[in-house]
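Before turning to individual helices and side chains, it helps to settle how burial is to be judged. The explanation below moves from the whole chain to one helix pair, then to the cysteines and a longer helix.

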Amino acid sequence: MFGSLRLIGTLFILLTLCIVGLIAWYRNSAGERVPAQTHAQSRPVPPKAELQAFWNEHCKSIEEFIMAGSFRIPEIAQRRQTLSNLIALRYGSNLRVHLVSNYHRWGPRVGAACGEDAGVPSLDIIVPHAFDAFVRFRMTGLRDWQERLEMRLVIEVIHELDHLAYGYLISSASLDAIADNERRAWAQTCEHTLSILVERYHAPIDEGDRLFYLLWVESGRDVNSPRWIQGVREAHADLKR
């Protein structure tokens with residue numbers, strides 16, 4: 001993410017499949033804790049059927065990654081398994097995954113969110129954000145645009161699993177709370193995921209993810225580095241909380 005706080009509102013279950021624990025379609029994020037969307041409403045949400053068709057055609061590899069850890073890069077598949085094990089130990093429950101058909105209340109930049117609902121860990125994938133990324137990457141005309149989309153979504157999933165596995169959950173919408181949890185979670189994501197993708201595989205990652213990786217390296221890979229703390233804070237300062 002950009003965010004791990006969830007939103008409050010009516011749940012509209014559109015589709016349910018049994019996977020890690022549960023994967024389901026929702027109108028809004030599950031277990032929402034703050035008022036429903038406001039800022040994101042200025043951007044039209046694609047029709048539900050279009051989002052479902054997009055997900056089924058272009059994101060099944062992401063669903064398989066979440067469900068079974070299947071991925072062509074073995075270190076990333078192993079990282080997903082490690083985080084799943086840590087989550088199971090921490091919460092004593094399987095992960096529930098929600099495919100959310102509205103933008104996050106903090107705005108269209110938010111691609112995923114996570115939280116704990118009555119002791120059950122859950123992950124929200126913001127499908128309109130994924131659809132926007134799909135359109136953006138396809139319009140570049142690059143031959144590897146599909147791989148770039150896949151990498152963007154895999155990184156988003158891993159980042160939220162990092163939040164859950166280490167307990168970096170945001171209980172307040174204050175910038176201080178967000179920045180403190182995000183610097184810790186992004187440190188894990190940079191060190192154990194982005195470093196692998198960039199340094200070993202030269203994978204085509206999105207510019208925002210690359211900037212986090214470069215900031216991590218420039219900060220000496222130190223979660224307590226003033227440069228890292230300030231950089232992560234600045235990256236989240238303009239979220240519409």
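A residue is called buried here when its relative accessible area is under 20%, exposed when that value is over 50%, and partly exposed in between. The model is a predicted one, and by this criterion 53% of the 241 residues of the protein chain count as buried. The protein chain holds eight helices and five strands, and read from the N terminus on, its elements follow the order β-β-α-α-α-β-β-β-α-α-α-α-α. Among the contacts in the protein chain with a separation of 6 or more, 72% are accounted for by residues 24 or more positions apart.

One place to look in detail is the pair formed by helix α2, residues 60-68, and helix α3, residues 74-91. Two packed helices are described by the angle between their axes and the distance between the axes. For α2 and α3 the angle is about 50 degrees, and the axes are 9 Å apart. Angles from 65 to 115 degrees would count as roughly perpendicular and those under 35 degrees as roughly parallel, and the value found here therefore makes α2 oblique to α3. On the α2 side the contact is made by Phe65, Ile66, Met67 and Ala68, while α3 contributes Ile76, Ala77 and Arg80. Sorted by class, the residues of this contact are six nonpolar, no polar and one charged.

Ile66, which lies in helix α2, deserves a closer look, since its relative accessible area is 5% and it therefore counts as buried. Its C-alpha atom is separated by 7.9 Å from that of Arg80, although the two residues are 14 residues apart along the chain.

The cysteines can be treated in the same way. Cys59 has a relative accessibility of 0% and so counts as buried, and Cys114, with a relative accessible area of 1%, is buried as well. A disulfide is a covalent bond between the sulfur atoms of two cysteines. With a cut-off of 2.5 Å between cysteine sulfur atoms, the count comes to zero disulfides.

Helix α5, residues 145-166, offers a check on geometry: at 1.5 Å a residue its 22 residues should span 32 Å, and because its end C-alpha atoms are 32 Å apart, the expected and computed values agree. This helix is also mostly covered, with 18 of its 22 residues buried. Directly after α5 comes Gly167, whose phi is positive, near 75 degrees.

Note on methods. Residues numbered from 1 in each chain as written. Predicted model: local features only at pLDDT ≥ 70, side-chain atom pairs only at ≥ 80, totals over all residues. Heavy atoms only, no water. Axes fitted to C-alpha atoms, helices over the stretch in contact; angles between N-to-C directions. Helix = DSSP H or I, 4+ residues; strand = E, 2+ residues; numbered from the N terminus. Parallel < 35°, antiparallel > 145°, perpendicular 65-115°, else oblique. Contact = heavy atoms within 4.5 Å. Nonpolar A, V, L, I, M, F, W, Y, C, P; charged D, E, K, R; others polar. Buried < 20%, exposed > 50% of the residue type's maximum accessible area, 1.4 Å probe, protein only. Expected span 1.5 Å × (residues − 1).
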